[in-house]
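Student: I would like a close look at one part of this model, and then a walk outwards from there. Could you keep it connected, so that each piece leads to the next?

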Amino acid sequence: MSRTIKTVDLSHTSNAYYAPATISTGALVHIAGQPGSTKDGFVPDDYESQIHLALLNLRKVILSSGASIENIAKLTLLIVNYGSANRKHVRPVQRFLRGHRPAITLIPVSKLAVPSWLFEIDALVALPTQSPVSSPSLGITTPWSAPQRAIDVVIIGAGLAGLSAAHEIIRAGHSCIVLEARDRVGGKTWSQSISGSDAVVDVGAAWINDTNQSRVYALAKRYGAELIEQNTKGRVVLEDFEGFDEPTRQKLAEIRDMVEADCQEVDTWKPHSTSLDAVTFEAYLRSHGADDVSLATATVWTRAMLGQEPRDISALYFLNYCKSGGGLLQMRSDRKHGGQYLRIRQGTQLLAKGLAESLPEGVVHLSSPVQSVTQVSKDSIRVHSSSGVYTARKVVTTVPGPVLKTISFTPQLPIAKRAYIDSLSYGYYTKAMMEFTSPFWVEKGFCGLTQSFVGPASVVRDTSSPADKKYVLTCFLCGDPGRTWAALSTRDREVKLLQQLKSLFDYNKVEDDFVQMHTYEWVSDEFSGWGCPCTSLMPGVLDAVGADALREPFGDVHFAGTETAGEWKGYMEGAVRSGERAAGEVVGGLRAIVSKL
């Protein structure tokens, strides 16, 4: 689609998140005021949740008109009892616009049409004109006359989901190819060597367990993984507020137990609760009496698990995310059955490499980003990639939701699916692996696990490989503190973390024992969708379009990837299971085709 909005700036406005004026081309769509209510008219009590719902309602109307967020020329915000010192609309509006800068007018009002409404937004949108199929981010052009290769199934993405799907499809007797944009397999599992040794660090996914993660554990055993049990022997460090007294601890335990109980009540595959999905996780906590310390602790949860702040994500989404891993406590646990129980000495990319190498030659095509997917007719799909044009009877895409927006689908994906995809967002999430000459924390009686309310690292874990004599503390830089840390120079990043580790473990020789920092910025990785570990949803999406909207097949196109999983969403286990699910859908469909012949 062609660009329809040109920004007009003054000398002092270029750094603002809005523009003083815009010039639009094409037909104009005038969108009426959208309030912060659900499709059934439910209105949450808090202002921020209403903002999220109003923006979702606006998004749905824009998509239904055939436009996108980038086509917004003008926004008007109506805010009840607006105060310039408490501009809570700015953050969600900025996240909604994602760098687009329309003209914006804010009008404070005493009340809106419905007494419970606190926020309303209307828009002027310039309809785009259709342009020839091309990838909006990759800039690849594949000639329409390119030779075509016929195959039963094309799989997009050679991470654990795509490779698992390929194995199941081939086992069922069908042909397939896997098109991978990167020059390697593994997706968000990426094991990088430590110079001067055979040891590796996992800059992406790193943990499994041997009980309720049966698929990924089976792969670990199949490909000879040497498993390292997460160190939990020793003291845990909590870097907290002043005055963490017994009443505060009791309130925290009460909130933690409430979240655990509520997440267990949520359906794993089809979560539904209008009241929970209409509010942010922060609003949900506040409505149940969470104090500042409880909220700060819950913020560590959302940051460490998703890189998100509680005010940015749906309460229902977070509870469902926890449920997918057996519950908040199990998902965050480093012990048996927990989400962080076992590591792989050779690195988790061993699993993807093993899967790829055990496929027939010629199945996996690297450096082959997909440009377009065209459903020509039933059981006939044309897939354009940089490596050629393929015709298939089925397609399985396993790329993260944000990457789907870089692929042109013909016909267009359904509005419900596009609204779901367009609403997905990553938080900030980076691991910094700090390598030392010795495990000084163990020698001082600590296990290496820490939790911090102040940062820059929200959580720290011991990820050493004693057999390789490599001693590493992995620091999780997440959410707003992570973004602040990321803006520093490399040396200043190291200094900040070393200062924090020195304080956490009361060890004055941290700088002397430091060897090097290993890190990777997933927010700059276009093939992961510019983030990790898993996307999240703002309030209202699950209630508006349904939990199945992303993974539901569209014609002969099927959708997998860890964010589509029921169990262990966001983990390697979820990726493998999603690939198996999509393969089952495809094999069943191909079997039905054969039975009709």
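How many of the 9 residues of helix α13 (residues 415-423) are buried?

Tutor: Happy to. This is a predicted model, in which local features need pLDDT of at least 70 and side-chain atom pairs count only at pLDDT 80 or more, while totals for chains, interfaces and linings use all residues. Residues are numbered from 1 along each chain as its sequence is written, and side-chain values use heavy atoms, leaving out hydrogens and water.

Helix α13 has 7 of its 9 residues buried, so most of it is covered; buried means under 20% relative accessible area, exposed over 50% and partly exposed in between, with a 1.4 Å probe and protein chains only. Helices here are DSSP runs of H or I with at least four residues, strands are runs of E with at least two, and both are numbered from the N terminus. The buried residues of α13 are Lys417, Arg418, Ala419, Tyr420, Ile421, Asp422 and Ser423. Their cover includes α1, α12 (401-404), α18 (541-545) and β24 (557-559), where contact means heavy atoms within 4.5 Å. The loop between β18 (408-410) and α13 holds proline 411, which is joined to threonine 410 by a cis peptide bond with omega of about -5°.

From α13 we can follow α1. Helix α1 (residues 47-64) lies across β3, β4 and β6 and runs at about 150° to β3; such angles go from 0 to 180 degrees between N-to-C directions, with axes fitted to C-alpha atoms, for helices over the stretch in contact. These strands belong to an open sheet of 4 strands in the order β3-β6-β4-β5, with mixed pairing; two strands pair if DSSP finds at least two bridges between them. The edges are β3 (28-35) and β5, each pairing on one side only. On average, neighbouring strands of this sheet are turned by 10° against each other, ignoring direction.

Within the sheet, β3 and β6 (residues 119-126) run antiparallel and are joined by 6 bridges, with valine 29 opposite valine 125. Strands β4 (residues 72-80) and β5 (residues 103-109) run parallel, joined by 7 bridges, and leucine 77 stands opposite leucine 106. The chain passes from β4 through helix α2 (residues 90-97) to β5 in a right-handed β-α-β crossover; right-handed means that, with the strands pointing away from the viewer, the path from the first strand over the helix to the second runs clockwise. In the loop between α2 and β5 sits arginine 98, a residue other than glycine whose phi is positive, near 50°. Arginine 98 counts as partly exposed because its relative accessibility is 40%.

Helix α2 brings us to another covered helix. Helix α15 (residues 479-486) is largely enclosed by the rest of the structure, because 6 of its 8 residues are buried. Those are Gly479, Asp480, Pro481, Gly482, Trp485 and Ala486, and they pack against α2, α8 (292-306), β19 (429-436), β22, α16 (490-505) and β23 (514-519).

Strand β22 (residues 471-478) contains phenylalanine 476, which the unreviewed UniProt entry lists for "binding site"; UniProt positions follow the numbering used here, feature names are shortened, and annotations may be inferred rather than shown by experiment. Phenylalanine 476 is buried, because its relative accessibility is 3%. Setting aside neighbours within four places in sequence, its contacts are Trp207, Tyr429, Thr430, Lys431, Pro456, Ala457, Ser458, Val459 and Arg461. One of them, proline 456, is in the loop between β20 (446-452) and β21 (459-462), and a cis peptide bond joins glycine 455 to it, with omega of about 10°.

Two further cases are worth setting beside arginine 98 and proline 456. Histidine 337, in the loop between α10 (328-332) and β13 (342-344), is not a glycine yet has a positive phi of about 80°. Its relative accessible area of 38% makes histidine 337 partly exposed. As background, most residues other than glycine have a negative phi, and most peptide bonds are trans.
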